[in-house]
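Reader: I would like a close look at one part of this model. Please take a single strand and describe its surroundings and its partners.

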Amino acid sequence: MEENMWIIELESALLDDCNVNDIYGICQGKAVPEALRPDVWQVCLDVRHKSDQMSLFNEIYDLPFQSQLREDCQRHVDRMGNDEEDKVSVVSDLESIITFYCKNRNLQYEPENGWIELLLPLFALKLNRSDTFNLFESIRDTYIPKGCRPKGNVFHVFRLLLLYHDPELCTLLDTKKITPDLYSLTWFQSLFASCSSLSVIIAMWDLYFQNADPFMVFFLALIILINGREQILQMRSSSKEEIIKFLALMPCALEFDDVPDFCSLSQYYALKTPTSFKTDYLKALYGKQNDTPRSQEEANKVSQALCLPVSVYELVENSATEFPVPDAVRFFLVDCRPAEQYNAGHLSTAFHLDCNLMLQEPVAFATAVQGLLTAQRQAIEANSNAGGEHLCFMGSGRVEEDQYTHMVVASFLQKNTHYVSLLTGGYASIHDYFGDHMADCLEDHNVRKCLVCQQHNVQQQTKSAPLKASTPSSTDLFSKFSAAMKSKSAEVKGKLLDIIVNPSANGGASASGSNGVQATPAQERHVSAKERNGKRYRNVAPVFSIDDENEEPFDGAGERDDQPLAGDGKEIVNLNQYFKTADIINAFKCQEVHMSGYMYDSHLIITPGQLVVLRELGRGQAQIMVRRPLASIVKITAKKRHRDLITFKYGFPDGDGLLITDMDRFLIPNAAEATALVSSHIMKVLDNAK
C-alpha cells in the first residue's frame, strides 16, 4: 500500500488541476500507470483544457500531396498488425489529423518527415481525435527542433555537443564525412518513435514530458553514440555507408528496461554541459518555423561555431557559485589575449595563455600548455572556484586577435581534449557586462591601455552621449562574483607562480600572466554591520526617500572592514518560534548585501518600533544580526538599475544636512512593499514621539 501511495497522490493531483512540476515531483522518474497516462501527458503538454480544434476541419481532403499522404498512412498502419476494423479507423484519423494540421499551419507534408511516426504512439492512449491532434501539435511545437532536414541547425548543434563530450568520436565521424543528419534525422523528427518499439517509446515519453526540457532529445542522441563508441571506433576501416547504417539503427537495440538508465544518463550529461548553448540557440531551434533572413543568420552562426559557446552571464554566475551541485559544470578560464592586453585588465582567476606564442615560440607555448594543465589539476584538487574540468577559452572579442585564439582552441580539440568551450564575445563581453562595477571585478585594469575602454571612448566622442552602463542582470551578480574571485584567486595564483616561468626572452609574453600577477594575494574582507542605534529625532522630521539615485560607496562612521562582524555573539533563535512569538508586523525574505560583495540569506523583520535582521544559519535557525530603531532611519534608497537593491541609511540631523552613522543593504524580491511598509511605520513612530 505504501509503495503505491504515489499513484493515489498522482490521481488526487490530476483531479486538482495540477501542472507538470507537480507531476514531476510525484512521479520522480517512475513509469506512469496506463490508466492515468492520457491525463498525465495532456497536463505535461498543457493541452488538458484546450478547445476542440478539429471541429474546424471541413473534412475535405484535397491537398496536392493527398494521395501520397493516404498511401503512407496505410503503409505505416499495416505494419502495426491491428485488426482490419481498427486499421480503417486509425488510417482515417491519421489522415484527418495530418490534413488538418497542414491546412491549419499552411505546411506541406513530405514523405518520411516523422509526422506519422510521431502520431502512432499517441493512438495507444485511445483518446478522441481532437485530443490526439492537440497532443501532436503540442509535441511538434515544443519538442521537435525546427530545421530537421539535411544540414539543418539542429545537427550542427548536436555535433558541437558531441565534440564537447567526446572529441575523438566526433573527429572520426568528421574524417569519414559523416554528419549527424545522415544517421540521426529520424531520431529528432520523431523523438525516436521511428526506430524504437512502442513500449520503449511510451516509457521514454513518460519521462521526457515530465522533464519538460526540449533539449533532452540532444542528450538522448548523445548517449546513443557514447554508449556505442567502442563499436564505432572499431569501424574505422569500414565504409561510410556501413557506419551510417550502423549508427541509424542503434536506437533499435533499446529495450523497455533500458529506458530509466537511458534517460538518467541523458540528464547527467545535460548537467555536465554549459547551459547557455540552450539560450543561445533556442530561437534557432524552436518556435515558429520559417526561413526569414534572421533565422538564416542564426543558422550560419550555428554552422560556423568552432566549439560550444558559453555566455558571459553563465561564466560569471558559475564563478560566483560557492557551493556548486556535484558533477555540475565548473570552468577553468583561459585568457588567450596578447600579454599587453591581459596586463591592461583581466579576471583574477583567468590563466593567461598568450595565443601569439603558438606561432612565434612553439616550445614556449608547449611549456605554457603543460603549465595550464598542471594549474587546472591543482585548482581542482584545491576545490577552488577558479578550477574546473571545463576549459573555457577567452579571446579579445576583436577579429584580428581572435583568429589566433581560434587556432589555440583548435589545437586543444585536435588533442581530443574534453569539455572545450569558447566565451561568446570574449573579453569585451566581460568588460561590458560589469559596466559600473568593472573596477571591483577586474584586476590591473588600466583605462588608458584597455582596448575596450579606448573603443568606448571613440564611440562616446562620436555620439556625444554617455556610455551605456551595465545590463540590469549584472547588478545581481557582480558583488557576489567580485567576492568569490578575490577570495579564490590567491589559491590559483600561488600555484601558477610555482609552475610557470616567463617563456619569452623579453618578458613580454608571459604564459601565466606573470607580468600581471601580484605577489601579494587578494585578501578576504568582511564588512562590519555593527549595531548602532543612532540618535532619536528631537522635533525634526526624518529625511527619507525611495529614489533612483546611483549610490556612492559609504564612507561614514558606519561599516568598517577592520571591525568585527555585527551580531557576533548575538542571540541565536529558532525561526518558526521567533515568527510566532515576536511582535512582528511583517517579515520579508531577502539577501543581506555587504560592501565586500558577500550576500547572506536573511529575513528583514518589521516590528512596531524596530527593523530586525535575521541571518539564516540552516536547520531552521537564525542569528539576530542587528536591531535598528525605525526612528534612526533617515534615508531609503534604491539602485537606479536595480529597484530591488535597497539601502537603509541611519543617522541624525546635522544642521541643514544629515550625518549618516551606519547603513544596511538588502536584495528584497518585493522591495516596493517592504519600503512602503517601513516608511509608513516610521511616520507612526515619529507621530507617537511628538
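**Strand β2 and its sheet**

Author: In this predicted model, strand β2 covers residues 331-335, and 5 of its 5 residues are buried, so the strand is largely enclosed by the rest of the structure. Buried here stands for under 20% relative accessible area. The side chains of β2 are divided between two directions: Phe331, Leu333 and Asp335 point one way, while Phe332 and Val334 point the other way, and all are buried.

β2 belongs to an open sheet of 5 strands with parallel pairing, in the order β1-β5-β4-β2-β3. At the edges stand β1 (308-310) and β3 (351-352); each has a single partner strand, so one side of each is left without a neighbour in the sheet. Strands of a sheet pair through backbone hydrogen bonds, either parallel or antiparallel.

The neighbours of β2 can be taken in turn. With β4, β2 runs parallel and is joined by 5 bridges; within this pair, Phe331 stands opposite His390 of β4. With β3, β2 also runs parallel, and 2 bridges join the two strands. Here Asp335 of β2 has His352 of β3 as its bridge partner. Asp335 is thus placed in two ways: it points the same way from β2 as Phe331 and Leu333, and it is paired across to β3 through His352.

Beyond β4 the sheet continues to β5. Strand β4 (residues 390-394) and strand β5 (residues 420-423) run parallel and are joined by 3 bridges. In β5, Leu422 stands opposite Phe393.

Technical notes. Residues are numbered from 1 along each chain as its sequence is written. This is a predicted model: local features need pLDDT of at least 70, side-chain atom pairs count only at pLDDT 80 or more; totals for chains, interfaces and linings use all residues. Side-chain values use heavy atoms; hydrogens and water are left out. Two strands pair if DSSP finds at least two bridges between them. Helices (H or I, at least four residues) and strands (E, at least two) are DSSP runs, numbered from the N terminus. Buried means under 20% relative accessible area, exposed over 50%, partly exposed in between (1.4 Å probe, protein chains only).
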